[in-house]
Every structure is written in structure tokens, then in C-alpha cells.
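Subject: Structure handover

Hello,

Here is the structure I promised to pass on. Please open it first, then read my notes below.

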Amino acid sequence: MSVFVVTGAAGGIGSAVAHTVGGEGHTIVAVDLSPSLADRVVDLEADGVVVLPVQADLTTDEGLEAVVAAVRDAGPLQGLVNNAGITRDARLVNMTDQAFEAVLAVNLGAVYRLTTALEPLFSEGSAIVNVSSRAYLGNFGQFNYSMSKGGLVGLTRAMAVRLAPRTRVNAVAPGLIGTEMVLTIPQETLQKMVDNIPLARMGEPGEVADLVAYLLSDRSSYITGHVHVIGGGRSLT
Amino acid sequence: MACPGVAGRSYGDLMQIRLPDPVPEYARLLPSDPSAPAGLVFVAAPAVGDGWSAVQAELTEAFELTRSAVQEDTPVLYVVDNAALLGQTGPGNAMVATGLLSAARTAAVEGAKRGATCNVLAVGSDSDPGDVALWVDHLMSSTAVNGEVVRLGSGHLGKALP
């Protein structure tokens with residue numbers, strides 16, 4: 001049975017990825033800092049998914065070591081989904097050092113350090129998917145987030161070259177997805193955002209999960225080093 | 001004001017040129033215009049290496065200097081290595097270059113209504129220093145281009161672009 005690591009597994013997209021990939025019969029090493037990971041694990045197990053939960057802070061050496069140890073015990077590593085991320089939005093003129101540093105550390109630093117820590121464990125034909133964001137194209141009030149998600153694009157390209165041909169590396173860039181975090185946005189603001197989307201709706205976490213699962217699978221065996229925007233056409237208008 | 005700890009210089013007490021140490025050959029003529037306007041030119045280190053702390057330091061410095069520049073509504077230009085932007089020189093250099101590109105796009109969005117620009121100049125390691133200086137002067141003095149990347153040389157031709 002192949003092993004896939006999913007970070008940010010307690011969140012909307014991460015949980016959906018764990019369900020989709022785990023539903024294909026793979027073992028999921030589910031990683032999250034939040035205690036709510038335990039609830040997600042219960043849901044996954046109820047659906048018959050084999051889950052190894054790791055509650056860890058990926059910005060620390062201890063957190064990274066905990067994930068590596070779990071993977072070593074679980075079996076051959078077939079995939080990694082770097083999904084964990086945070087936002088600390090503000091206009092650049094008002095952005096604090098703390099807001100910048102926190103977002104960069106979680107969204108880019110932890111991804112890079114986890115990927116390199118797991119690098120020796122990847123199996124032949126394995127795959128990595130980095131969850132970037134449509135914000136890598138630029139987004140008001142998100143200098144820190146945009147920089148971190150843009151950095152993931154470069155990381156994806158460079159690692160795709162470095163890890164080929166054994167491991168493929170791709171990125172997805174979701175737009176407005178109906179996660180718990182997004183649904184806290186005031187309804188009026190949310191509607192204005194939806195009005196700018198040609199497909200006239202938010203995306204569902206499951207739709208992102210389907211793309212991630214495709215990029216992890218042999219069905220995408222000749223695709224590496226690319227960013228796949230999933231945003232309902234938002235970047236076209 | 002030059003940034004502590006790095007090679008850098010002010011120009012006419014207005015334009016700030018942040019240079020890495022060592023200074024890349026292509027940046028040795030910056031700036032060439034004695035009447036250079038206020039603003040920030042951030043020349044990224046072309047070989048920051050693959051350690052996270054070096055990447056973090058480079059991006060953090062860019063953030064701090066950019067925030068100061070946009071608080072004054074002055075233009076910002078990031079000068080990056082084209083091969084790094086394409087992901088051809090390792091993950092550390094790639095994260096810096098593409099991180100700066102995305103940051104520039106966001107700073108451009110935020111500054112657009114005030115006429116403050118933020119752009120990226122991607123240069124090849126063999127780019128002529130005179131050409132680099134010319135494009136720096138142009139991108140810093142014009143408000144016609146915003147949130148864009150201008151690539152010098154031919155290293156990007158036929159490539160998937162970030």
C-alpha cells in the first residue's frame with residue numbers, strides 16, 4: 001500500500017485531498033498543527049481510509065522530524081501534498097514584520113524544508129503537489145501571501161528538474177474555493193468576488209482534490225514542473 | 001539610505017540601490033542616470049544558495065525595503081537573474097526570483113491607483129551592464145509599465161514562463 005503525506009489535512013482542501021487520495025486505497029499521513037485534525041481523522045476512518053495522524057508544527061525541526069519518522073514507519077512514499085498555509089492579510093504599507101515572517105515561514109519555508117527532509121524517501125514514480133494560490137498572480141492586501149505562493153512556483157520548477165525522473169513535481173493554484181476560511185468573508189464581499197468569476201461560483205474543495213489526485217497519479221505521468229490554475233476562469237477577466 | 005549589512009548606495013539622496021555582495025557584473029553600472037528619481041532598485045542575489053535561512057533573509061530584506069518605498073509612493077524595481085526565475089539554478093534561487101515576481105504583482109496592484117509602480121527586470125548572467133542600467137532607468141522613470149517582468153537576453157525563449 002502506497003503512502004501519501006498531506007499537510008494542512010484538517011483544513012477544507014487538505015481534508016478533501018485526504019478523502020480523495022485515501023479513497024483510492026492509499027495510506028494517508030495526515031499532518032496539521034490544529035487539534036481539529038483528530039475530528040478529520042475520525043471522518044476519514046469512517047470512510048475506510050487508513051490514516052496516520054501527525055499533529056505537528058512544520059516550522060520546527062521537531063515537527064519535520066515527526067513527519068519523517070511517521071513516513072519511515074508507514075512504507076514507501078508515493079506522494080506529498082504541501083497544502084498547509086496561513087494568511088495574515090494587510091496592505092503592504094501597514095503590513096507588520098510578524099505578519100510577513102509568519103506567512104513566509106509556513107507557506108514557503110516549511111514546504112521547502114519538509115520536501116527536502118522527505119527527498120530520500122520518495123519512491124520511483126512518486127509525485128509532489130504544492131498547493132500555491134491564484135494570488136501568485138498578484139492580489140490586493142496579500143504581499144506576504146503572494147510572495148510565499150510565488151516562491152512555491154519557483155520551488156516547483158526547480159525541484160521538478162532536480163527530482164526528475166524519479167519524482168514529478170507540480171503545483172496547483174486555487175482561486176476562490178468554498179473552504180471554512182473563505183466562508184467567513186462577509187456575504188456581500190463574497191458575492192462581488194463571485195461576480196468576477198466567469199463560471200459564476202466558488203470552487204469546491206473536492207474539485208481541487210480531484211486535480212491534486214490526478215497530478216499525484218500515473219494518469220499525469222508526463223506532466224512535471226507546471227502550475228495548474230483552478231479558479232473558474234477568474235484570472236481571465 | 002543604504003541597507004545595513006549589504007553592498008548598497010544611495011543616489012542623489014533619493015533612489016536607493018540595494019546590491020548583493022558580491023555585486024553581479026551586470027549591475028556594476030547602476031544607476032547610470034544622474035537625475036534618477038526616488039524609489040527602490042532591489043538587485044537580488046543571483047546565487048543565494050539552497051539554505052532556507054539565506055532565502056528567508058533575502059525575501060525579508062526585499063519586504064522591508066519595499067514597504068518603506070511604497071510608504072513614500074515611490075517606484076520599486078526588482079532585478080533578478082533570468083535563469084533563477086525559470087527555476088534553472090536550484091530551488092533557493094528560484095524561490096527568491098519567483099517570490100519577488102509575485103510580490104511585485106501584488107505591490108503593483110496596491111500602488112496602481114496612486115501611480116506607484118513595481119516591476120521586475122530579469123537579466124541573463126551575460127547581460128550587458130549598459131543595457132541593464134538603461135532598462136533600470138526606464139522602468140524607474142516611467143509609470144506606463146506596472147506589475148510586469150521585462151526579460152533581457154534570450155534565455156527565456158521557448159520556455160514555459162512563471
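How many helices and strands are there in chain A? There are seven of each: seven helices and seven strands. Please keep in mind throughout that this is a predicted model.

**Chain A overall**

The order of elements along the sequence of chain A is β-α-β-α-β-α-β-α-β-α-β-α-α-β. Its radius of gyration is 17 Å, close to the 18 Å from the globule rule for 237 residues, so chain A is as compact as a globular protein of that length. Along the principal axes, its C-alpha atoms fill a box of roughly 45 × 35 × 35 Å.

Of the 237 residues in chain A, 54% are buried. Take the contacts in chain A between residues at least 6 apart in sequence: 71% of them join residues at least 24 apart. The accessible surface of chain A is about 9,700 Å². Carbon and sulfur atoms account for 53% of that surface.

Chain A carries 15 positive and 23 negative charges. The mean positions of the two sets lie 9 Å apart.

**Chain B overall**

Chain B has four helices and six strands. From the N terminus, its elements read β-β-β-α-β-α-α-β-α-β. Buried residues make up 57% of its 162 residues. Among contacts in chain B with a separation of 6 or more, 65% come from residues 24 or more positions apart. Chain B exposes about 6,400 Å², with 52% supplied by carbon and sulfur atoms.

**Where the chains meet**

How many residues does each chain bring to the contact? Chain A gives 34 residues and chain B gives 32 residues. Between them, the two chains bury about 2,800 Å². Carbon and sulfur atoms hold 66% of that buried area. On the chain A side, the residues that lose the most area to chain B are A:Leu92, A:Tyr112 and A:Arg157. Together these three make up 22% of what that side buries.

**A buried position in chain A**

A:Val103 sits in helix H4 of chain A, which covers residues 97–118. Is A:Val103 buried or exposed? Its relative accessible area is 0%, so A:Val103 counts as buried.

Which residues does A:Val103 touch, leaving aside neighbours within four places in sequence? The contacts are A:Ile86, A:Thr87, A:Arg88, A:Leu108, A:Asn144, A:Tyr145 and A:Ser148. One of these, A:Asn144, is 41 residues away from A:Val103 along the chain. The C-alpha atoms of this pair are separated by 6.3 Å.

**Cis peptide bonds**

Please look at two peptide bonds, one in each chain.

- In chain A, the bond between A:Ala164 and A:Pro165 is cis, with omega about 5 degrees. A:Pro165 lies in the loop between helix H5 (143–163) and strand E6 (167–174).
- In chain B, the bond from B:Asp21 to B:Pro22 is cis, with omega near 5 degrees. B:Pro22 lies in the loop between strand E2 (15–18) and strand E3 (39–43).

The loop between E2 and E3 of chain B also holds B:Leu29. B:Leu29 has a relative accessible area of 37%, so this leucine counts as partly exposed. Its C-alpha atom is 9.4 Å from that of B:Leu134. These two leucines are 105 residues apart along the chain.

**Positive phi values**

Two residues other than glycine have a positive phi.

- A:Ala200 has phi near 60 degrees. A:Ala200 is in the loop between helix H6 (187–195) and helix H7 (205–216) of chain A. Its relative accessibility is 55%, so A:Ala200 counts as exposed.
- B:Asp73 has phi near 55 degrees. B:Asp73 is in the loop between helix H1 (52–71) and strand E4 (76–81) of chain B. Its relative accessible area is 38%, so B:Asp73 counts as partly exposed.

Best wishes

Conventions. Residues numbered from 1 in each chain as written. Chains lettered and ligands numbered in written order. Predicted model: local features only at pLDDT ≥ 70, side-chain atom pairs only at ≥ 80, totals over all residues. Heavy atoms only, no water. Helix = DSSP H or I, 4+ residues; strand = E, 2+ residues; numbered from the N terminus. Rg over C-alpha atoms; globule rule 2.2 N^0.38 Å. Buried < 20%, exposed > 50% of the residue type's maximum accessible area, 1.4 Å probe, protein only. Contact = heavy atoms within 4.5 Å. Areas by Shrake-Rupley, 256 points an atom, 1.4 Å probe, with all protein chains shown as cover. Lys, Arg positive; Asp, Glu negative; His and termini not counted. Charge placed at Lys NZ, Arg CZ, Asp CG, Glu CD. Buried area = accessible area lost by both parts, 1.4 Å probe.
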